[in-house]
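Subject: Structure handover

Dear colleague,

I am passing on the structure below, together with some notes on what was found in it. Please keep it open beside you while you read.

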Amino acid sequence: MPIPSLKVGMITRTALGHTGRELKAGPGETAMYALIQLGAALRLLANLAGGDARQAALIASAACWSGAFLLYL
């Protein structure tokens, strides 16, 4: 299974190419890629944290992931 950021990179590149736009990531795409990476890092950090910190990291990770895909939408 490919890494989620790789999938998003491929679908954004394909969408740009098929619509005739320049194959260059703009600010929205860059923010989307950063949110996916931040969400993955928070998910990994949640495994190291305990109690309320773990829950907060998981919620923040989910928010980053959701925000990234909302930007794609």
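To begin with one residue, Ala15 is found in helix 1, where helices are DSSP runs (H or I, at least four residues; strands are E, at least two) numbered from the N terminus. Ala15 has a relative accessible area of 27% and is therefore partly exposed, given that buried means under 20%, exposed means over 50%, and partly exposed lies in between (1.4 Å probe, protein chains only). Between the C-alpha atoms of Ala15 and Gly50 there are 40 Å in space, and the two are 35 residues apart in sequence.

Before going further, please note that this is a predicted model, in which local features need pLDDT of at least 70 and side-chain atom pairs count only at pLDDT 80 or more, while totals for chains, interfaces and linings use all residues. Residues are numbered from 1 along each chain as its sequence is written, and side-chain values use heavy atoms, with hydrogens and water left out.

Lys24 sits in the loop between helix 1 (4-18) and helix 2, and because its relative accessibility is 58%, Lys24 counts as exposed. Its C-alpha atom is 9.8 Å from that of Thr12, although twelve residues separate Lys24 and Thr12 in sequence.

How do the next two helices lie relative to each other? The axes of helix 2 (residues 27-48) and helix 3 come within 8 Å and cross at roughly 160 degrees, the axes being lines fitted to C-alpha atoms, for helices over the stretch in contact, with angles from 0 to 180 degrees between N-to-C directions. Helix 2 and helix 3 are therefore roughly antiparallel, a term for angles over 145 degrees (under 35 is roughly parallel, 65 to 115 roughly perpendicular, and the rest oblique).

Glu29 belongs to helix 2 and, at 21% relative accessibility, counts as partly exposed. The C-alpha atoms of Glu29 and Ala57 are separated by 23 Å, with their positions 28 residues apart along the chain. In helix 3 we find Ser66, which is partly exposed at 41% relative accessibility; from Ser66 to Leu35 the C-alpha distance is 8.8 Å, while in sequence they are 31 residues apart.

Finally, Tyr72 is also placed in helix 3, and with a relative accessibility of 36% Tyr72 counts as partly exposed.

With kind regards
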